[in-house]
Amino acid sequence: MKQLGDYIRNIADFPQPGIQFKDITPLVRQPDMLRQVTRQLVEPFRQKDITAVAGMEARGFIFGTLCALELDVGFVPLRKPGKLPYDVQSIAYQLEYGTAELEIHNDALAHGDRVLLVDDLIATGGTARASCELIRQLGAEVAGIAFVIELDSLKGREQLRDYEVHSLLHY
Ligand code: AMP
């Protein structure tokens, strides 16, 4: 029987030399595996009174929306700057080279919300950590974080010590 790892394609030197890019497009093409992954992502959080799932642009939108439906809650997009049309809260954060920024609609979450954050992959953990800060700036709580893939050697999990982190596949 095929396993999750069989549907993750490694692309060497993309988008720049030295990066081993984990391509999830074969996975999202396969409905049975996609359903299985969705269930596994939310499994530890089913009894955690999650009120919303948040996901980062762009692959976090795919898995995050599926997880939201699985938990019967709504989805909140965290987007790159200038994409969200209404009033936003922003956060800038450090990348390996340079900086990046994420935004959330001001009214997307509020005090009392318990959020599951979802992305396809954790590398250094900077994106996830900034996302957690954005969610908390709106008064909501990060009740858990789920990734399809974790790159263990980059130790991104250390950036997320305050949270329950769940990953399906480790490289
Ligand atoms: P980081 O902030 O370093 O944890 O990077 C995580 C974000 O960058 C996620 O949204 C990933 O989709 C993307 N990313 C980083 N490294 C890779 C990789 N090797 N393959 C695919 N996506 C990656």
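In this predicted model, Asp13 is located in the loop that runs between strands E1 and E2, and although this residue is not a glycine, its phi is positive, at about 60°. The loop between strand E1, which spans residues 9-12, and E2 also contains Pro15, and the peptide bond leading from Phe14 to Pro15 is cis, with an omega near -5°. A further cis peptide bond links Glu57 to Ala58, with omega at about 0°; Ala58 is placed in the loop between strand E3, residues 52-56, and helix H3, residues 59-71. Most residues other than glycine have a negative phi, and most peptide bonds are trans. Against that background, the backbone at Asp13, with its positive phi, and at the Phe14 to Pro15 bond, with its cis form, may be inspected together, since Asp13 and Pro15 are both assigned to the loop between E1 and E2.

The ligand is surrounded by 14 residues, of which Asp119, Asp120, Thr124, Gly125 and Thr127 are the closest. Two of these residues present polar side-chain atoms to oxygen atoms of the ligand, that of Asp119 at 2.7 Å and that of Asp120 at 2.7 Å. A backbone N or O atom of Lys22, in turn, is placed 2.9 Å from a nitrogen atom of the ligand. Taken on its own, the ligand has 490 Å² of accessible area, and the protein covers 83% of it. The space that the ligand takes up is the largest pocket.

With regard to secondary structure, the elements contributing two or more residues to the shell around the ligand are strand E2 (20-23), strand E7 (114-122) and helix H4 (126-137). Strand E7 supplies the largest share of this shell, namely 4 residues. When the shell is divided by residue class, it is found to comprise 5 nonpolar, 5 polar and 4 charged residues.

A separate set of contacts is centred on His166, which belongs to strand E9, residues 165-170. The side chain of His166 reaches the backbone oxygen of Gln40 at a distance of 2.9 Å. When neighbours within four places in sequence are left aside, the residues in contact with His166 are Gln40, Leu41, Pro44, Phe45, Ile145, Ala146 and Phe147. Gln40 therefore appears both in this list of contacts and as the residue whose backbone oxygen is reached by the His166 side chain, where contact refers to heavy atoms within 4.5 Å.

Key. Residues numbered from 1 in each chain as written. Predicted model: local features only at pLDDT ≥ 70, side-chain atom pairs only at ≥ 80, totals over all residues. Heavy atoms only, no water. Near = heavy atom within 4 Å. Polar contact = N/O pair within 3.5 Å; in protein donor to acceptor, adjacent residues only side chain to side chain. Areas by Shrake-Rupley, 256 points an atom, 1.4 Å probe, with all protein chains shown as cover. 1 Å grid on protein atoms, 1.4 Å probe; cavity = no way out; pocket = protein on both sides within 12 Å on 5 of 7 lines; lining within 4 Å. Sits in = over half its atoms within 2 Å of the grid points. Nonpolar A, V, L, I, M, F, W, Y, C, P; charged D, E, K, R; others polar.
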